[in-house]
Every structure is written in C-alpha cells, then in structure tokens.
Amino acid sequence: MCMGYERRCVFFKMSGDSAQMFNPADKVAKISHCSSMEQYRKMHEKSLKDPEGFWSEIAKDFHFEENGLGQFLDYNFDVRKGKIYTKWMAGSKTNISYNCLDRHVLAGKGDQVAFHWEGNDPADAEIVTYSDLMKDVCRMSNVLKSKGVSKGDRVAIYMPMIKELVVAMLAVARIGAVHSIVFGGYSAGSLADRMLDAEASALITTDAVWRGSKLIPLKEIADDALKICRAKNTNIKVNIVVKHISRVTAPQSAANGAANGNPAKKTHFDDTGNFKVGWDDKVDVWWHDVVKDVSSECPPVWMDAEDPLFMLYTSGSTGKPKGVLHTVGGYMLYAATTFKYSFDYHPGDIYFCTADIGWITGHTYVTYGPLLNNATSVLFEGVPTYPHSGRFWEIIEKYKVSKFYTAPTAIRTLMKYGDEPVKKYDLSSLAVLGSVGEPINPEAWLWYYRVVGDSNVSIVDTFWQTETGGHVITPLPGATPAKPGSACFPFFGVDVALLDEEGREIKGEGEGYLVFRQPWPGIMRTVYGNHERFETTYFKKFPGFYCTGDGAKRDKDGYIWVTGRIDDMLNVSGHLLSTAQVESSMVEHEHVAEAAVVARPHNVKGECLHCFVTLTQGADFTDKLVSELKVKVRSTIGPFATPDYIQLAPGLPKTRSGKIMRRVLRKIAAGERDFGDISTLADPSVVEVLFEHRPNDK
Ligand code: PRX
C-alpha cells in the first residue's frame, strides 16, 4: 500500500527520546479543567455516546436568544444513504459577536483587556478592552449596513494583524453577513479568485503594512484584484480602507530610504512622507472617515445556529481552492471548548497565538476561541525574527504570557539561533506551549519543552484542519502524558478510526488513513457553492467516515501519530498547497510544456517545493527561466508558495497510461534511490536522467 508517507518517516524516525513520556507540568495539572486521563476518558466517552447531553450542557454558558425545538444533532455521514449533512442546534438563535463581546460587557467585564496589540516594531503597542472592541464592532456593523451589506452577503477581508481585522470580522458576523478572509500574503490573482468564487459584495483592506522590514502594499494588491473582478463584470459595493502605515514606526532601513537597500520608502511614499495610494471614488472609503458619524450601538442579527458564519479557502487537490464553510452555533461551541480545554484557559492567563488571522488558526485561536472565553490575548503584527530573533520571547516577557501557541516551522527557525536569544528573557510565566500546522519533529518538540519551557510546561501538539474548525486530536495539558511528535488523543466529540486502503478498520497498533466516524460541532458544513465537491473530497472514499486526507499510526499505548498528507497536497511552513495549483501556474510560462511538483524535506519549513519542468521545443533551461518561474508562482499564488528548487526534466516518470509516478519524483527530490517497483514506467531510464539534473541541498 503506498500511502505516500514514507518520506515523513525519515523525518520522523523515532529517537529514544521521542518514545519518552512527559507528564503534564504540576502547575498546570493542579488547577486544570481536566486533570487526569480518567477524567478525560469519561468525558470523551460521554461526548461520543451522548453528544446532545455533552454539548447542550456546554451550550448553557452561551447566549441563545431562542432555543430550537428540533433535534439537537442531526446528520448523515454516509453517502450511500443520501446527501451528507450535519446540523447542530438547528432552529436555535444566537450571534457569535454578541457572545464574544456583549455577554462579557454585560457581565461587568468591559474594562478587561481583550487584546494587547503589539506592532511589527517594538515601539508600537495598544491596549484594546472588551468595551472598546464592542463599540468599534458596532460602528463598523453600522457602516456595513449603511453600505447595503446585509445578512448572508459575503464580505472579503484582506488585512494585516491589526485591531481592525478583528473588528471587521466581528462586525460582519454581528449583522449576519459571512466573512471570507484572504491571508495578506496572497497575490492579487488569488484574492480575485476568492472574491469571485465567494461573490463578495464588499472588501475591507488596509493601505499597507510592514512585515519585518518588508513593505506590503495591500491596497495596491487589492486594487489589482478588483481590476480582475471588474474585467469579469463583478463589482463590489464598497472597499473600506484602514489608514495604517502612517501610524506605525517604519523599519530603520526604510527610514533611510533606498540607500539602505529598502526601496519601499522611495517608491511608495511621497516627498512629505505620506504613503501613496490609488483611489477610486466610486468604491473606496477610508475606515476612519466612515466610522466617525455612526452610532457605537448596533443590535445583533439573531442567526440560526446553522446559518453560515464564515468561509475560508483552503487548497484542493484539483488546484482550485475550496471555500470551506462554517456555521454559527456549532463552530462557536467548538472554538470555545477547544480553547478552554486544550490551553487549559483560566481567567488571569495571558494568551499569545502567533498565527495570522488569515489562516484558520487565527480565526479560531486568535479571534473566536479567546474572545468567547473572555480571555486576554496578545495580537502580534510582526514576524518572529524582526528586529531580532528574540522577538517572541521579548513579547512573552513583556506581557507575562502563560499560554503560547505557534508552529513547528517557527520553532525550527528560532532553534537555529541557539538558546541564547531565549535565555535572555524571563519566560517563567509560561505554562502551556502549543504547536500546530504540521507534524512536529521530536527535536523541535524537545527544544520547545526544554529551552522555551524550561522543562516546566505542558506541550500540546494540536492536530486539526481548516475543515475541522478546531482541534480534533490533541493532548490536554493537565491530563495527558505527552510523547514528542504525537498529537495523542481525540478531543471531545471526535471518534477516530484508522482504515486500510480497502476501508477496513485497523484496531489497536497500526497505520492507515485517518478518518472520523461522527460529527463534532465544529466540522465544516459544505464547500461554498459546490456541495458535491464537499461530498467527493471528504466522504466518498470511505462511506460512513469523514476522511482527513492525512495518514496516521496508532502505537501500542493508543497514541495517534499523524504522519502527513496522503493526497497531492504539500505542507510548506504549515500552509497547505496543492501540487496542481503550483503546476498550473508554471505551465502558463511559454517555455514550460509540463510541470510536476512534489514536496522535498526542508529542515525549517518541514517541506518545500521541488519542481520538475519539461520545456517546449528549443527552449533553454537557464537561471533567467528559473527566476521567471519563481516570480510566476509568487504572483499567481503568493510569496509563501515560491519554489525552493526547480529542475529540468527532459522527461517525467510516467506509467504507460500516462500517469506521473509522483512517489518516484518525491524520492528524487529527497535524493533517495530506493524507488521500489518502477517496472510499470513507460521509460524507466528517465529516472537516472532526472537524478543527474537534481539540484543539491541549499
Ligand atoms: O496535514 C495536516 C497538517 O495540516 C493540515 C491542515 O492544514 P490547514 O487546513 O491549513 O490547517 C492548518 C492549521 C490547523 C492537516 O491535514 N497538520 C495540522 N496540524 C498538525 C498537522 N499535522 C500533524 N500534526 C499537527 N499537529
């Protein structure tokens, strides 16, 4: 059985250490919401046997304007029985913005800090309380209403990590519209594709942002995207623009202008230092202008628990991104509950998640999970290594962060600088450290634990997906003895199974497809505008199960080890990309006849892109072509998708029926020669030729 995860096992070869168990830190276990495996097992069992009893108890903590009289949970997970659907609390009425804000303000918590905003530059910081946030949200809700946005309309958001991003999403949710956030690192083309697919009627963006010392002219990119939309006869009603760049500290290199290697200052700012933006009076309005004269009160629109809350695009193996749709009620319960238990959140904690809100981690664990729990968080605009490699640790010390959540790729990046930048800061406030986005290698896990956590923390390696809405496999920090590299056990409501290629269940120790047997409240409900694709992608391969697309193994103690994607998906620095998406961008180049893209192990990013390109007749493989192809991918998808390696492929390893054997390409990319059986290749000699052209590790 080829599950495509042989390459992962190399990375994951279990060291003596990784089989070691690490008990929850005493300081966490002592006060934990769930402080023993026995308690976890009882709660988990109840959540599977009696989902209604389990989740209706949790729902009591939230405000429902009306309780539905129908079934609490209704679903079909089996394509053989008809349409796939999941409904939690259908008929009940609520609003997530009300639950994130009003509920706490009405309980007298308005003065509590919701966010410590920390800028890209350490000189920039701001405090946002729950009542500030509520007023700002109401103002923006009123603006959106005045611009004709109403319940069910899609609003695209293309913004950096600033307070207004949180305000925008909650304002959209407050009036029952649907937000579709596009990560600020995506290109104009990617933004346009998503806006067109979502049929967005409004856009909220920002003039520009500094990311480290790089200037990202978001409005300019958004303007290009709007041009693309217009060419397809799709117009938005309004583009609300936050004026941001002039209120923050510019990096030193920019302040000195082009002389210091940062041309941004010259090209994007006028002589008086003002940032230049294009302006279209028909749609563009400044955020600060439109919020000036509107009321800071706005009653929420009461939504059915099963009404859409947001959509978020994730890569699909066909290359066309899927608009993953989440609904109000189930997502709310799941975001709140996973936040509370996985990070063992208590009042007084200071929580810091480094993810960008443009990804699902930011949706659930920067905005919704923390706010639903009335938490105080750090909202960070910058990057881990600017202006120095101790930036995260500096922030942790400054705010006395107790719960910290980041990605293995960031941990590996920071590990490279050694222990010294960590040890400079007092990190004794830390109690729980989280990891997300890809399997964490035991070496990074142990560094995180020993150096960052001073061996006195609980580590939670949280496995989940855009589609799952929240953590689905994770240790609980007060209960679960952790094994480095294992996401451990299913969260409440999640019923894990491993299946073999034929769909037979693997019980006990073993390895197979990771699937879930029944719905948890946070599961996606559909792919926007394409329910059939939803059913095909997640439910057709193994009727009766939600298929994650990942492989996993279960060890003798029942621990789950997620081994990575088993489809044509790549995970670069924790971001999913489809091979097809990158290939289709490359073949648009006039000199490329065919392209095949695979993952190559990378010691910081986890995986990086290795591209094989076959050229058109007469074309030469030159450095110029390689850089043109990189630019092409950057401009069609975004900078984070830039390939690390591009090599010439005079021929590709194809079966006689013309199918590219990707497992052979993956081996070549990794520099390995144990190809297994290649007798079905139409021309086995191409393998050696490809090896000859293989670029060495950088
Ligand atoms: O392959 C798994 C990997 O990331 C995929 C989901 O990507 P995305 O929808 O972009 O969401 C990322 C953030 C939740 C999964 O199918 N993945 C995520 N977390 C882990 C992981 N793989 C192993 N261990 C994890 N903790």
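This report describes a predicted model, taking the ligand site, the sheets and a few buried residues in turn.

## The ligand and its shell

The ligand is surrounded by 18 residues, and the closest of these are Asp-461, Thr-462, Thr-466, Asp-550 and Arg-565. By residue type, the shell around the ligand divides into 7 nonpolar, 6 polar and 5 charged residues.

Several polar contacts can be named individually. A nitrogen atom of the ligand lies 3.4 Å from a polar backbone atom of Pro-439, and a nitrogen atom of the ligand is 2.8 Å from a backbone N or O atom of Thr-462. For Thr-466 the contact involves the side chain, where an N or O atom is 2.6 Å from an oxygen atom of the ligand. On its own the ligand has 540 Å² of accessible area, and the protein covers 96% of that area. Helix H14 (360-372), strand S20 (458-462) and strand S25 are the elements that give two or more residues to the shell around the ligand.

Helix H14, one of these contributors, is mostly covered, since 13 of its 13 residues are buried. The helix is followed by Asn-374, whose phi is positive, near 60°.

## The antiparallel sheet that includes S25

Strand S25, which also contributes to the ligand shell, belongs to an open sheet of 4 strands in the order S21-S22-S24-S25, with antiparallel pairing. Strand S21 (496-499) and strand S25 (560-565) stand at the edges with a single partner strand each, so one side of each has no neighbour in the sheet. Neighbouring strands of this sheet are turned against each other by 45° on average, direction ignored.

Within this sheet, strand S22 (residues 510-516) and strand S24 (residues 546-554) run antiparallel and are joined by 6 bridges. In this pairing, Phe-516 stands opposite Tyr-546 in S24.

## The mixed sheet around S6

A further open sheet has 8 strands in the order S12-S11-S8-S6-S7-S14-S15-S23, and its pairing is mixed. Its edge strands are strand S12 (284-286) and strand S23 (526-527), each of which pairs on one side only. At the S12 edge, 3 bridges join strand S11 (residues 238-242) to S12, and the two strands run parallel; in S12, Trp-286 is the bridge partner of Val-241.

Strand S6 (residues 154-158) has 5 of its 5 residues buried, and it is therefore largely enclosed by the rest of the structure. In a regular strand, side chains alternate between the two faces of the sheet. In S6 both faces are covered, with Arg-154, Ala-156 and Tyr-158 buried on one side and Val-155 and Ile-157 buried on the other. Strand S6 runs parallel to strand S7 (residues 178-181), to which it is joined by 4 bridges, and Arg-154 stands opposite Val-178 in S7.

## Strand S29 and its partners

Strand S29 (residues 606-615) is mostly covered, as 10 of its 10 residues are buried. With strand S28 (residues 592-602) it shares 10 bridges in an antiparallel arrangement, and the hairpin that joins S28 to S29 passes through 3 residues. Within this pairing, Ala-595 stands opposite Val-613 in S29.

Strand S29 is also joined to strand S30 (residues 645-648), in this case by 4 bridges and with the two strands running parallel. The bridge partner of Phe-612 in S30 is Gln-647.

## Two buried residues

Arg-600 lies in strand S28. This residue counts as buried because its relative accessibility is 1%, which falls under the 20% cut-off for that class. The side chain of Arg-600 reaches the backbone oxygen of Pro-695 at 3.1 Å.

Leu-681 is placed in the loop between helix H22 (662-670) and helix H23 (686-692). Although it is a loop residue, Leu-681 is buried, with a relative accessible area of 1%. From C-alpha to C-alpha, Leu-681 and Gly-148 are 59 Å apart in space, and they are 533 residues apart in sequence.

Key:
Residues are numbered from 1 along each chain as its sequence is written. This is a predicted model: local features need pLDDT of at least 70, side-chain atom pairs count only at pLDDT 80 or more; totals for chains, interfaces and linings use all residues. Side-chain values use heavy atoms; hydrogens and water are left out. Two strands pair if DSSP finds at least two bridges between them. Axes are lines fitted to C-alpha atoms, for helices over the stretch in contact, and angles run from 0 to 180 degrees between N-to-C directions. A residue is near a molecule or strand if one of its heavy atoms lies within 4 Å of it. A polar contact is a pair of N or O atoms within 3.5 Å; within protein, one must be able to donate a hydrogen and the other to accept it, and residues adjacent in sequence count only if both atoms are side-chain atoms. Accessible areas come from the Shrake-Rupley method with a 1.4 Å probe; for residues, only the protein chains shown count as cover. Ala, Val, Leu, Ile, Met, Phe, Trp, Tyr, Cys and Pro count as nonpolar, Asp, Glu, Lys and Arg as charged, and the others, Gly among them, as polar. Buried means under 20% relative accessible area, exposed over 50%, partly exposed in between (1.4 Å probe, protein chains only).
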